[in-house]
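Work through the exercises below with the sequence and the model at hand. Each task is followed by a solution in steps.

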Amino acid sequence: MSKVVAESVIRGAYDIFRQASDFLDKAVKEKGPEQKIGFPETAFYLPMANALLGVKIEKLKEILPLLEHAKSLLPKMPSDKVWLPYLGDALNAGMSALFCEEIIMALRYLYSEEPQKDCNGFFTDTIMRSLGIQLVDGRMPGFAAILGAAPDNKTAVQIIRELQERNILAFVGASAGGRSIIDQLLEENVQMGWDNYIVPYGRDTLSTIYPLNWAIRSALTFGGIKPGQAQKCLLYTKERVFAFGLVLGKLDDIKYATGAGAINMGFPIIADTDIPEIKPSGITTYEALVKELDHKKIVPRCIEVRGVKVRVSSIPVPVPYAAAFEGERVRKEQLYVEFGGKGGVSFEYLHTKNLNEVEDGKVELFGPDIDALKPGKKSMPLAIIVEVAGRKAQKDFEPVLERQIHRFMNYAMGIMHVGQREMNWIRISTDAYSKGFRLKHIGVILHAMLHQEYSAIVDKIQVKLYTQEEDVEKLLKEAQKTYDERDERLSGMTDEKVDTFYSCLLCQSFAPDHVCIITPERLGLCGAYSWLDARASFEITPTGPNQPILKGSVLDERLGQWKSVNDFMHNKSNKAIERVSMYSLMQDPQSSCGCFECIIAIIPEANGVMLVHRDYVGMTPCGMNFTTLAGSVGGGVQTPGFLGVGKLYAVSKKFILAEGGLKRLVWMPKELKEILGDKLKKRCQAIGEPGLLDKIADEDVATNSEELLAYLKKAGHPALGMELLI
Ligand code: SF4
């Protein structure tokens with residue numbers, strides 16, 4: 001390692017240590033040693049310190065030992081006379097820098113100095129969980145932490161667009177020469193936020209700790225690694241979190257020190273300036289510190305150095321197209337035309353036809369295109385009819401394929417798609433229109449993407465678009481009949497009626513021992529995979545993550561245990577799990593990986609359970625908020641009494657059947673009640689408890705067990721009279 005680099009790293013680490021030490025002194029003097037400290041919505045305290053050292057810092061006085069440890073990692077400055085291998089010292093200094101940066105950020109939160117203007121600040125555990133699926137299914141193949149500023153705004157946008165096109169999540173921040181990439185993107189009106197894969201963290205280098213302490217939490221959340229297992233955590237981030245640092249502009253000592261910390265985690269640094277490189281690999285998969293002076297080549301160079309596996313979709317439309325644009329919104333002021341919503345009738349419908357009835361790639365428009373929009377008008381009717389054919393195509397696949405229309409259309413920059421069926425709402429921006437986007441491009445997208453992702457079951461695809469109101473109304477009636485039939489088919493499916501369940505092993509890329517078992521009456525805990533989806537996925541990729549499990553002989557009907565399911569589980573969980581109950585919370589419950597939509601948790605005082613979804617940030621009657629609760633459930637382990645589940649499991653007939661089913665549910669957030677709406681009411685009626693929904697408490701009436709118990713008694717909740725849970 002270059003002596004120049006080592007000196008900078010160590011000097012920077014000393015500087016950061018001094019800043020942390022001074023700030024802590026001030027805080028202790030002003031607020032007292034007992035003052036509480038921490039980041040918002042995390043179960044991992046100061047996450048870097050918690051993951052690597054196992055410490056749980058909650059008060060100012062508890063920071064002191066951490067600071068001492070950071071100090072002990074600081075090496076002497078390299079001597080001018082003696083040659084030494086500097087790498088180990090520099091890496092220790094980098095680690096010290098990360099601990100001290102985390103201390104400084106926590107102190108800034110104490111003084112309400114974070115998050116900075118237009119920045120996200122600390123990344124919550126909830127965000128990490130909700131992105132889980134995109135991480136494991138490859139939609140989001142990697143992360144870039146960008147520090148500094150590009151030489152000009154145009155280059156900043158070009159780099160960001162290149163990352164977006166590859167679906168790489170970009171954390172943007174820090175500064176160089178008094179400019180931050182955050183402001184460059186703001187000045188160019190680039191939409192930022194999680195949905196756009198561009199997340200501003202802060203304008204100084206110290207705040208780069210946010211993406212880093214987010215990354216280290218994935219080892220605890222998904223990897224099942226215990227706090228304090230430093231080596232395992234660092235190996236996990238190196239092997240499973242495909243992150244890299246991209247430094248734009250001149251490097252200073254603080255950036256070198258922070259970069260050395262990131263290298264400890266296996267994240268290489270790529271700079272656009274003439275720096276000494278660190279070529280040997282080991283700590284990182286390939287080179288640790290490299291330069292690339294050509295901004296046109298810098299993104300591909302980053303991808304190569306980190307070994308990110310990227311899938312680029314090249315779709316012949318006049319706007320950029322990638323999953324990174326999925327969450328982009330088309331606001332009123334950017335709107336050229338809309339369909340559905342308040343803009344009139346609109347629907348989408350995909351159905352199968354015979355092979356000889358479909359001409360592959362044919363896109364037809366019946367009625368005027370969006371060019372014909374009269375001045376002052378902003379809406380049109382629209383029917384999108386997709387007709388597919390294939391030797392392996394089945395009617396059961398139709399809803400699965402139809403649901404992809406939402407995703408595929410949203411990947412186009414400047415196109416917004418919300419909802420499904422006759423509840424869809426589509427917007428096209430003025431920018432997309434002026435780039436040449438027309439209705440036929442919707443057909444082009446759907447044709448290309450259905451082929452790209454579903455070629456195993458679909459051989460031919462044609463798309464028809466209708467914009468005359470009478471055509472749309474007439475065709476909608478026909479589609480409606482099929483929608484109803486599909487609902488009937490899905491709702492009629494039970495675990496008893498099928499002989500095969502499906503596994504999902506997707507999350508093993510993050511939680512190596514976790515296996516989801518998906519049945520008709522219990523969907524995957526992320527909420528993204530139903531039994532039909534898993535079956536379709538198996539047909540499409542027979543060697544993929546969704547494998548069939550023949551049910552065979554039942555071991556315990558009440559618990560929902562089958563011998564072959566247990567055997568499969570034991571085998572695929574790396575022998576970590578021997579038995580799994582599909583219908584029980586208390587005995588051999590399914591493991592939870594980390595990206596669950598909801599958690600079921602026992603409340604012994606109420607002889608019942610609560611259900612909380614990840615968007616609910618308040619306190620729950622079990623004494624923990626979602627974040628804290630989630631911290632003790634994930635990682636691919638079984639935790640009796642606690643269970644990660646998909647939202648819709650709450651309205652399944654098999655909802656914790658072994659414990660008495662829905663009658664055990666005593667608390668859930670109001671918003672979740674609304675989301676489950678009619679389905680939940682119907683289930684209450686079906687179990688002979690039509691008034692149950694009102695008897696289930698929410699945050700308006702109870703946020704602790706005393707309030708909950710008082711409410712349940714007053715409401716006469718059936719759980720109080722049921723057999724004791726424990
Ligand atoms: S079904 Fe289970 S394993 Fe599959 S992606 Fe969802 S949470 Fe992960």
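Contact here means heavy atoms within 4.5 Å. The model is a predicted one.

**Exercise 1.** Find the residues that V386 touches, leaving out those up to four places away in sequence.

Solution. Apply the contact cut-off of 4.5 Å between heavy atoms. With residues up to four places away not counted, V386 touches Y349, L350, H351, I405, L446, L450, I461, Q462 and V463. Next, place V386 in its setting: along with M48, L169 and I384, V386 touches the most other members of the largest nonpolar core, which has 184 residues. Helix α4 (residues 87-110) gives the most to this core, 15 residues. Another core, of 28 residues, lies apart from it and includes A144, I181, I270 and V299.

**Exercise 2.** Describe the aromatic pair of F122 and Y210, and state whether each residue is buried or exposed.

Solution. The geometry is edge-to-face, with 6.3 Å centre to centre and 80° between the planes. F122 sits in the loop between α4 and α5 (125-130) and Y210 in helix α9, 88 residues apart. Buried means under 20% relative accessible area. F122, at 3%, therefore counts as buried, and Y210, at 0%, is buried.

**Exercise 3.** Do the same for Y349 and Y483.

Solution. The rings of Y349 and Y483 are 6.1 Å apart centre to centre, with 90° between the planes, and the pair is edge-to-face. Y349 belongs to strand β8 (residues 346-352) and Y483 to helix α16 (residues 469-491), so the pair ties together parts 134 residues apart in sequence. Y349 is buried at 10% relative accessible area, and Y483 is buried at 0%.

Conventions. Residues numbered from 1 in each chain as written. Predicted model: local features only at pLDDT ≥ 70, side-chain atom pairs only at ≥ 80, totals over all residues. Heavy atoms only, no water. Core = buried A, V, L, I, M, F, W, Y, C linked by side-chain atoms within 4.5 Å. Buried < 20%, exposed > 50% of the residue type's maximum accessible area, 1.4 Å probe, protein only. Helix = DSSP H or I, 4+ residues; strand = E, 2+ residues; numbered from the N terminus. Phe/Tyr/Trp six-rings, centres within 6.5 Å; stacked < 30°, edge-to-face > 60°.
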